[in-house]
Amino acid sequence: MRLMNAAHNEVSQQQPLVQCLTNSVVTNITANVLLAAGAQPAMCDTPEESFDFAQVASGVLINAGTPSQQQYAGMREAIRGAREAGTPWVLDPVAAGSLRHRTEFILSILQEKPTAIRGNASEVMAIAGMGAGGHGVESTDEVEAAVPAAKKLAESTGAVVAVSGPRDLIVSDGRVTWLRSGHPMLQSVIGTGCSLGALTAAYLGAARGSYLTSDLGWEINDHTATLAAHAHSGAAAQLAMSGEIGPVPKAPGSFAQAWLDALYLITEAQIEQFIDVEEA
């Protein structure tokens, strides 16, 4: 928990710059989530600029939700720039398995070694070759069913693999963590999952720039950073529904506003209060 708290503090202190190559449906909520969490969003996704921007960004999000040929090209350039500069990048394989062309694209960039992969159970199983995908962007598989697929992807790519659900699963080489947080209302608001990919990129970027590694002899590694991002998002949802920061939301619209406020207002002590972490 100490390292998770440190990761949250590092995001606030460093205000990491996150390059978001994401789908057109969620650009606004993604930018607002990053700002509320203390990070800086940049929606730079053109092929002409993506390479250069990835080299100065703290983290990069690749979200293939509403792709075009130009965006595919921009994503490849951003990944190339991120790898050359050592910038952590996150893959969100939206609707993988459901549509052939995007699935082929996602599988091709898996070879570029993402720092983290964040998706639902059906998406993760599809790109691991252990499932056919979900119903559009919705998962038709339980998180528990994705454990073998997540382990396989972590081993083959070196990435931290995060599977979202009622309990989030975070897997890296040799480590499996379960996180209980969040609220069912998150599923009624557009962009909560996609913005979590961007938040993960922010946490990974802040972890790479952390003073803790050199000064204290311990570090916020990629697994802990990914876990901390999920804890921040999920705990904020619970804080939003708790009545501690305002009226208890009764519908998706009021919840979306309360969740954004909670992402901004939540403290490290409140994150600890609203989550349950289990190391398997």
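Below is a chat about a predicted model of a protein chain.

Q: Okay, basics to start. How many helices and strands are in the protein chain?
A: The chain has twelve helices and nine strands.

Q: And what does its radius of gyration say about the overall build?
A: A compact globule of 280 residues would have a radius of gyration near 19 Å, and this chain has 17 Å, so the value agrees with that picture. If you want dimensions, the C-alpha trace spans about 45 × 45 × 35 Å along its principal axes.

Q: What share of the residues is buried?
A: Of the 280 residues, 55% count as buried. As for the outside, about 11,500 Å² is exposed, with carbon and sulfur atoms supplying 50% of that.

Q: What about contacts between residues that sit far apart in sequence?
A: Take the contacts between residues at least 6 apart in sequence: 72% of them join residues at least 24 apart.

Q: Switching to charges. How many positive and negative ones are there?
A: There are 15 positive and 28 negative charges, and the mean positions of the two groups are 5 Å apart.

Q: Now the fun part. Where does UniProt put the feature "binding site"?
A: An unreviewed UniProt entry places that feature at Met 43 and Gly 191. The unreviewed entry also lists Arg 118 and Ser 164 under "binding site". That second pair spans 47 residues in sequence, yet their C-alpha atoms are no more than 7.5 Å apart, so they gather at one spot.

Q: Let's do Met 43. Where is it in the chain?
A: Met 43 is in the loop between strand S2 (40-42) and helix H3 (47-56). Its relative accessibility is 34%, so it counts as partly exposed. Setting aside neighbours within four places in sequence, Met 43 contacts Cys 20, Thr 27, Thr 30 and Ala 31.

Q: And Gly 191, buried or exposed?
A: Gly 191 is buried, because its relative accessibility is 8% and the cut-off for buried is under 20%. You'll find Gly 191 in the loop between strand S8 (175-180) and helix H8 (192-208). Not counting residues up to four places away in sequence, Gly 191 touches Val 26 and Ile 29.

Q: What does Arg 118 touch?
A: Quite a list! Beyond its neighbours within four places in sequence, the contacts of Arg 118 include Leu 91, Asp 92, Pro 93, Ser 164 and His 230. Gly 193, Cys 194, Leu 196 and Gly 197 are also among them. Arg 118 is in strand S5 (residues 116-120), and with a relative accessible area of 7% it is buried.

Q: Back to helices. Which residues of H2 are buried?
A: In H2 (residues 27-37), the buried ones are Ile 29, Thr 30, Ala 31, Val 33, Leu 34, Ala 36 and Ala 37. Ile 29 is one of the residues Gly 191 touches, while Thr 30 and Ala 31 are among the contacts of Met 43.

Q: So what covers those buried H2 residues?
A: The cover includes helix H1 (2-14), strand S1 (17-21), S2, H8, H10 and H11. Just after H2 comes Gly 38, which takes a positive phi of about 105°.

Q: Which residues other than glycine have a positive phi?
A: Two examples are Ala 95, with phi near 60°, and Lys 113, also near 60°. Ala 95 is in the loop between strand S4 (89-92) and helix H5 (100-110), and Lys 113 is in the loop between H5 and S5. Ala 95 is buried, with a relative accessible area of 5%, whereas Lys 113 is partly exposed at 41%.

Q: You mentioned H10. Where does Thr 226 fit in?
A: Thr 226 is in helix H10 (residues 222-242), and it is buried, with a relative accessible area of 1%. Apart from its neighbours within four places in sequence, Thr 226 contacts Ala 116, Val 160, Ala 162, Ile 170, Thr 200 and Leu 204.

Q: Last one: where's Thr 267?
A: Thr 267 lies in the loop between helix H11 (252-265) and helix H12 (268-274). Thr 267 is partly exposed, at 37% relative accessibility. Its C-alpha atom is separated by 9.5 Å from that of Ala 236, a residue 31 places apart from it along the chain.

How values were computed:
Residues are numbered from 1 along each chain as its sequence is written. This is a predicted model: local features need pLDDT of at least 70, side-chain atom pairs count only at pLDDT 80 or more; totals for chains, interfaces and linings use all residues. Side-chain values use heavy atoms; hydrogens and water are left out. Helices (H or I, at least four residues) and strands (E, at least two) are DSSP runs, numbered from the N terminus. Buried means under 20% relative accessible area, exposed over 50%, partly exposed in between (1.4 Å probe, protein chains only). Contact means heavy atoms within 4.5 Å. The radius of gyration is taken over C-alpha atoms; the globule rule is 2.2 Å times the number of residues to the power 0.38. Accessible areas come from the Shrake-Rupley method with a 1.4 Å probe; for residues, only the protein chains shown count as cover. Lys and Arg count as positive and Asp and Glu as negative; His and the chain ends are not counted. The place of a charge is taken as NZ of Lys, CZ of Arg, CG of Asp or CD of Glu. UniProt positions are given in the numbering used here, feature names are shortened, and annotations may be inferred rather than shown by experiment.
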